[in-house]
Amino acid sequence: MTHELRIAVATDPGLVREHNEDSVYVRPDLQAVADGMGGHEHGEVASALAVDVLATWEGDDLGPAVAEIARRLDAETPQGAGTTLTAIRWDGLAFQLAHIGDSRAYVLREGELRQISHDHTMVQALVDAGRMTPEEALVHPRRAYVLRALQSGNSHDPDLTWHQAKVEDRYLLCSDGLTDYTDLEDVHEILLSTEDGTEAAWQLVALANGNGGPDNITCVIVDVVRKKWWQR
């Protein structure tokens, strides 16, 4: 293998909430962000359950893993407890993205930042239908209303897509505590200008907190880097 992944994580409850309902899991071949829903106790339980399932998952396909999360939510959590999930499972330079809810995945490639997940929110559905502009969606009071999630008694299927990475790509997985309260241009600038992944992740947290930090904030940065000749 001529490349390796460098992974950095930052998570923070923000400036308003006492509890962090976000959960995060990383290992060399799998990274995931889950944002709990249904009140802090239920949300914490649901997001933690999601990453607990992924922590023991060894399959090549994330579809059955997400189905297992849904099954356990039904069996083990109160009605209404739920979570978003954005997860990447690597196979060389190819990766499978499993996504449901309004957490997000981005790729920074050759200076351009592009979202590779698709929000499952009411405002995104209105944008898709041509009934709202993306600019209007950014400031809509119900922009956080999620249409699809993993939820006790009411889980939906995730988006499962395959992608091909390139050496020098940088990937960002994040909860909506980042994207709902920051300007994407500022996120782009930090990812572009800050080489160290850990420093960049914490700068993103500081950016959201600088705007009031009303929600939990979680960022995972994955850098695809070329191995040095003596590492091969």
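Colleague: Which residue caps the N-terminal end of α6?
Modeller: Keep in mind that this is a predicted model. A side-chain oxygen sits 2.8 Å from the backbone nitrogen of Glu185, and 3.5 Å is the limit for a polar contact. The residue supplying that oxygen, and so capping the N-terminal end of α6 by the contact definition, is Asp183.

Colleague: OK, into the helix itself. What arc do the buried residues of α6 cover around the axis?
Modeller: Helix α6 spans residues 184–193, and its buried residues are Val187, Ile190 and Leu191. They lie on the same side of α6, because the arc they cover around the axis is only 95°.

Colleague: And which elements do those buried residues pack against?
Modeller: Contact here means heavy atoms within 4.5 Å. On that basis the partners include helices α5 (176–179) and α7 (197–210). The strands on the list are β7, β8 (112–115), β11 and β12.

Colleague: Let's take β11, then. Are its faces covered or open?
Modeller: Five of the five residues in β11 (170–174) are buried. Arg170, Leu172 and Cys174 sit on one side, with Tyr171 and Leu173 on the other. So with "buried" meaning under 20% relative accessible area, both faces come out as covered.

Colleague: Which residue of β12 is the bridge partner of Leu173?
Modeller: β11 pairs with β12 (residues 217–226) in the antiparallel sense, over five bridges. In that pairing, Leu173 is matched with Val220.

Colleague: What about β7: which of its residues stands opposite Tyr171?
Modeller: β7 (residues 104–109) also runs antiparallel to β11, and five bridges join the two. Opposite Tyr171 stands Val107.

Conventions: Residues are numbered from 1 along each chain as its sequence is written. This is a predicted model: local features need pLDDT of at least 70, side-chain atom pairs count only at pLDDT 80 or more; totals for chains, interfaces and linings use all residues. Side-chain values use heavy atoms; hydrogens and water are left out. Buried means under 20% relative accessible area, exposed over 50%, partly exposed in between (1.4 Å probe, protein chains only). Helices (H or I, at least four residues) and strands (E, at least two) are DSSP runs, numbered from the N terminus. Two strands pair if DSSP finds at least two bridges between them. The arc is that of the directions from the helix axis to the C-beta atoms. A polar contact is a pair of N or O atoms within 3.5 Å; within protein, one must be able to donate a hydrogen and the other to accept it, and residues adjacent in sequence count only if both atoms are side-chain atoms.
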